[in-house]
Amino acid sequence: MQLDGTKELIALSEGLRESTGSWADLPRDCRRRGMRDPELVVGDGAMSLWKALREVFPAARHQRCWVLKGRNLANCLPKSV
């Protein structure tokens, strides 16, 4: 994200599955291109993502996306609620 709050796409990659190896390829490429550890990474809670980030960007903090977490919780509620 830019200082003015504008979001910027820095990388896009196709992955094979929920594997740490697939997830790690993207941050490794970013690291190779000069990216330093991000301050914060927000994701969907995929354990493979967090494990890959610890390997490639060990100083980065991570946070579960609150919108996705809320949707997951809402899906567990009965339809009547």
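This tour moves through a predicted model, one selection at a time.

The model is a prediction in which local features require pLDDT of at least 70 and side-chain atom pairs count only at pLDDT 80 or more, while totals for chains, interfaces and linings use all residues. Residues are numbered from 1 along each chain as its sequence is written, and side-chain values use heavy atoms, with hydrogens and water left out.

**The segment before α1**

Begin with Q2, which is found in the segment before α1; helices here are DSSP runs of H or I with at least four residues, strands are runs of E with at least two, and both are numbered from the N terminus. Q2 is partly exposed, at a relative accessible area of 38%. The scale behind that word calls a residue buried under 20% relative accessible area, exposed over 50%, and partly exposed in between, using a 1.4 Å probe and protein chains only. Draw a distance from Q2 to F57: the two are 55 residues apart along the chain, and their C-alpha atoms are separated by 20 Å.

**Helix α1**

Next, select residues 20-32, which form helix α1 and include S22. S22 has a relative accessible area of 17% and is therefore buried. With neighbours within four places in sequence set aside, S22 is in contact (heavy atoms within 4.5 Å) with G15, L16 and R17.

W23 also lies in helix α1. Is W23 buried or partly exposed? Its relative accessibility is 28%, so W23 counts as partly exposed. Residues up to four places away in sequence not counted, W23 touches E18, A46, S48, L49 and A52. For one of these partners, L49, the C-alpha to C-alpha distance from W23 is 5.6 Å, across 26 residues in sequence.

**The loop between α1 and β1**

Move on to P38, in the loop between α1 and β1. P38 is buried, because its relative accessible area is 18%. Its contacts, apart from residues up to four places away in sequence, are F57, A60 and R61. The C-alpha atoms of P38 and H62 are separated by 9.5 Å, and the two residues are 24 apart along the chain.

**Strands β1 and β2**

Select β1 (40-43) and display its side chains. In a regular strand the side chains alternate between the two faces of the sheet. Along β1, V41 and G43 point to one face and are buried, whereas L40 and V42 point to the other and are not.

Now add strand β2, residues 61-64, which runs parallel to β1 and is joined to β1 by four bridges; strands pair if DSSP finds at least two bridges between them. L40 stands opposite R61 in β2, and G43 has R64 as its bridge partner.

**Helix α2**

With both strands still shown, add α2 (47-56). β1, α2 and β2 make a right-handed β-α-β unit: with the strands pointing away from the viewer, the path from the first strand over the helix to the second runs clockwise.

Which residues of α2 are buried? They are S48, L49, W50, A52, L53 and V56. Their cover includes α1, β1 and β2.

Within α2, centre the view on S48. S48 is buried, since its relative accessible area is 11%. Beyond residues up to four places away in sequence, S48 touches E18, S19, T20 and W23.

**The loop between α2 and β2**

P58 lies in the loop between α2 and β2. At a relative accessible area of 59%, P58 is exposed. P58 is in contact with R31, D37 and L53, leaving aside neighbours within four places in sequence. From P58 to E18 the C-alpha distance is 20 Å, with their positions 40 residues apart in sequence.

**The largest pocket**

Finally, turn to the largest pocket, with a volume of about 1200 Å³. On a 1 Å grid over the protein atoms alone, a pocket is an open set of points where a 1.4 Å probe fits, with protein on both sides within 12 Å along at least five of seven lines; lining residues have an atom within 4 Å of a point. Grid points are joined across faces, edges and corners, and the volume is the space filled by probe spheres set on the points.

Of the 27 lining residues, I10, M35, L40, V41 and V42 lie nearest the centre of the pocket; select these five to locate it. α1, β1 and α2 each supply at least two residues of the lining, and α1 gives the most, with five. By class, the lining has 17 nonpolar, five polar and five charged residues. Here Ala, Val, Leu, Ile, Met, Phe, Trp, Tyr, Cys and Pro count as nonpolar, Asp, Glu, Lys and Arg as charged, and the others, Gly among them, as polar.
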